[in-house]
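Subject: Structure for you to look at

Hello,

Here is the structure I said I would pass on. My notes follow below it.

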Amino acid sequence: MALYNPYLGSFEQSKTFNKYAELTLWISTILLVVAFALEKYNPLWKEYSVLLSNFNCFFIISYAILSFIADNIFYQASIQRREDFIDNSFETTLAEHRSADYYTNDNIVSGIYKMAVNGFENSLFTYNIANKMTTSLWIKNVVFAILILLFAIFGYNNAFILLIQLSLPILLLQQAIKQTLFVYRIKRVYENYRRLFNDLRNESDSKHKRPEILLNVLDYETTLTYGAILLDSDIYNKLNPELSTKWNQMKLEYNIK
């Protein structure tokens, strides 16, 4: 059976709006550069510079709106993902459509232990992919933020336009900080799973660990909801073989069966 993921389309739709938001960010930055250059190159062109500056406000507001739409679609997709996660762990039918060959733990008996294994696998992939994304996100957002700040502060005297221009760097830096905190928190979840399965390695019954299992699952879901981070598909595809191999090795190491 081919791999099937019922909520992948929703996440891809969220990524599409994120790409549109990034496109508006590029356009906004280019307009700032052009407007600044026009005014400094020839003072007689100041009216064109002001016109571009006013027009740029549309793209800044569009960036915020598109990012908001992407976050809301992400939230709906997350609900589908949680339903599928429960269905796979307990063989229930909460979701209208269920994934096939998406998780690699079908050999494990359905129940709370399988839910813990699925959560462990999720945290491994999420942490490594999100961590890989962080450096490039910081570089991109800081460069954009500095450029926009410089051109906004030194290029315009209109207080309203300046206020809108300054809102974008704040959004970008907030996004980078949020990504960093997300990686830190998801790493903590991953480490908690490692400790949990280290304790379970030589035990045949996980009943006494159920509260800890549930706490880890809830911690992971809370962290995902907080971050609303869309994992980069290119980084996922690049790391997937390596992380899949690592996961198989970890299942042997932690006696997951």
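Lys-19 is exposed, with 60% relative accessible area (buried means under 20%, exposed over 50%, partly exposed in between, with a 1.4 Å probe and protein chains only). Lys-19 belongs to helix H1 (helices, H or I, at least four residues, and strands, E, at least two, are DSSP runs numbered from the N terminus). Its C-alpha lies 9.4 Å from that of Ala-70, although Lys-19 and Ala-70 are 51 residues apart in sequence.

The model is predicted: local features need pLDDT of at least 70, side-chain atom pairs count only at pLDDT 80 or more, and totals for chains, interfaces and linings use all residues. Residues are numbered from 1 along each chain as its sequence is written, and side-chain values use heavy atoms, with hydrogens and water left out. The chain has a mean pLDDT of 83, and 91% of its residues reach 70 or more (pLDDT is the predictor's confidence in each residue, from 0 to 100). Among the elements, H1 has the lowest mean, 83, and helix H6 (residues 233–253) the highest, 91.

Aromatic rings

The whole structure holds 14 aromatic pairs (rings of Phe, Tyr and Trp, the last by its six-membered ring, pair if their centres lie within 6.5 Å; planes under 30 degrees apart count as stacked, over 60 as edge-to-face and the rest as tilted). One of them is Phe-11 with Phe-74, edge-to-face at 5.4 Å centre to centre and 65 degrees between the planes. This pair links distant parts of the chain, since Phe-11 is in helix H1 and Phe-74 in helix H2, 63 residues apart. Both rings belong to buried residues: Phe-11 has a relative accessible area of 13% and Phe-74 one of 7%.

Phe-55 and Phe-58 are stacked, because their ring centres are 6.3 Å apart and their planes at 15 degrees. Both lie in helix H2, three residues apart, about one turn of the helix. Phe-55 is partly exposed at 44%, while Phe-58 is exposed at 51%.

Ring pairs also join Tyr-113, Phe-120, Tyr-127, Tyr-190, Tyr-193, Phe-197, Trp-247 and Tyr-254 into a cluster.

Salt bridges

There are eight salt bridges (a side-chain nitrogen of Lys or Arg within 4 Å of a carboxyl oxygen of Asp or Glu). Arg-81 and Glu-221 form one of them, at 2.4 Å from N to O. Here too distant parts of the chain are linked: Arg-81 is in helix H2 and Glu-221 in helix H5 (residues 210–227), 140 residues apart. Arg-81 and Glu-221 are both buried, and a network of salt bridges links them with Arg-82.

Glu-191 and Arg-194 make another, with the closest N and O atoms 3.6 Å apart. These two are three residues apart in helix H4 (residues 159–200), so about one helical turn separates them. Both are partly exposed, Glu-191 at 23% and Arg-194 at 31%.

A further salt bridge joins Glu-212 and Lys-209 at 3.0 Å, N to O. Glu-212 is partly exposed at 28%, whereas Lys-209 is buried at 13%.

One more contact across the chain

Ser-233 is in helix H6 and is partly exposed, at 26%. Its C-alpha is 9.3 Å from that of Glu-12, with the two positions 221 residues apart along the chain.

Regards
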